[in-house]
Amino acid sequence: MRRAIKWLIAALVVVVLVVAGFIAWYVFGSSVPGKPKLSVTANTAGGPRTPNGSWHIVPAKKVFVGYRIKELFGDAILKRDAVGQAHAVTGTLTVASDRVSTAVVTADLTRLGSDRAARDAYVREHTLETATFPTARFTLSQPISLPATLKKGVSLKGLRATGRMLIHGVTRPITFTLDARWNGPTIDVVGSAPIVLRDYGITPPHNVIANVDDHGSVELDLTFAPGG
């Protein structure tokens, strides 16, 4: 009897160590991208004489729309940022005099990816349900005010972009805080907006390993080139 109890205790210890090792690997085993920032330098050669006109998103490795949210382990004792990015992004904006008058950005959420393939599969199938709701879309509803005179290579901090966001088949008002820079041949835009999952009919993931916070953020890093 005592021998059986010893074997049982040993087995439990092994299970605990395996689970603890998995959690440690999951939490600390990889790094997540930092929050989007404008690049330190910019190519200001060429481009139109002013930023006025229509611009479109150009595909690039750094261009994405994504999410950042907390995964909670051990009754929220441990917290880790989960970051997913979709690089399949399209969109346009229009600059007229001292304002951005229109903007639409669409992301293909079926291409959303993070540092964990298992997480991505769960998000696609059970959280965002991308087979039914494959896209997210932001549409500007209020013009963004700009300085009367824009100079190439000068960053604009803390712009507010108010519009409507479509996620998971639900459209709600949202406001992004953005940093932007007209470089000449391109316009770079980075920023984020807070989001509550349940506002969009999304149930935060929950399993024996981790829970996911209901509050997170939508992030973006976009590059626009002239033309509609």
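A salt bridge is taken here as a side-chain nitrogen of Lys or Arg within 4 Å of a carboxyl oxygen of Asp or Glu. The model on display is predicted, and by this rule the count comes to twelve salt bridges. The tour visits several of them and then turns to strand pairing.

**Stop 1: aspartate 214 and arginine 198.** Select both residues; aspartate 214 forms a salt bridge with arginine 198, and the closest N and O atoms are 3.9 Å apart. The pair links distant parts of the chain, 16 residues apart: aspartate 214 belongs to strand β11 (residues 211-226), whereas arginine 198 sits in the loop between β10 (187-196) and β11. Display the surface next. Aspartate 214 is buried, because its relative accessible area of 15% falls under the 20% limit. Arginine 198, at 52%, is exposed.

**Stop 2: lysine 157 and aspartate 179.** Move to these two residues, which form a salt bridge with closest N and O atoms 3.8 Å apart. Lysine 157 is in strand β8 (residues 155-167) and aspartate 179 in strand β9 (residues 170-182), so the salt bridge ties together parts that are 22 residues apart in sequence. Lysine 157 counts as exposed, with 59% relative accessibility, while aspartate 179 counts as partly exposed, with 22%.

**Stop 3: lysine 70 and aspartate 81.** Select this pair, a salt bridge whose closest N and O atoms lie 3.0 Å apart. Since aspartate 81 is part of strand β3 (residues 78-86) and lysine 70 of strand β2 (residues 64-73), the contact ties together parts eleven residues apart in sequence. Lysine 70 is partly exposed, its relative accessible area being 33%. Now add Arg68 and Glu219 to the selection: Arg68, Lys70, Asp81 and Glu219 are linked in a network of salt bridges.

**Stop 4: strand β11 and its partners.** Show β11 as a cartoon. Of its 16 residues, twelve are buried, so the strand is largely enclosed by the rest of the structure. Three strands can be selected beside it in turn.

- Strand β1 (residues 53-57) pairs with β11 in the antiparallel sense over three bridges; isoleucine 57 stands opposite phenylalanine 224 in β11.
- Strand β2 and β11 also pair in the antiparallel sense, over eight bridges, and here valine 65 stands opposite leucine 220 in β11.
- Strand β10 runs antiparallel to β11 and is joined to it by ten bridges.

Finally, centre the view on leucine 220. Which residue of β11 stands opposite glycine 191? Leucine 220 does, and valine 65 likewise stands opposite leucine 220.

Note on methods
Residues numbered from 1 in each chain as written. Predicted model: local features only at pLDDT ≥ 70, side-chain atom pairs only at ≥ 80, totals over all residues. Heavy atoms only, no water. Helix = DSSP H or I, 4+ residues; strand = E, 2+ residues; numbered from the N terminus. Buried < 20%, exposed > 50% of the residue type's maximum accessible area, 1.4 Å probe, protein only. Pairing = 2+ DSSP bridges.
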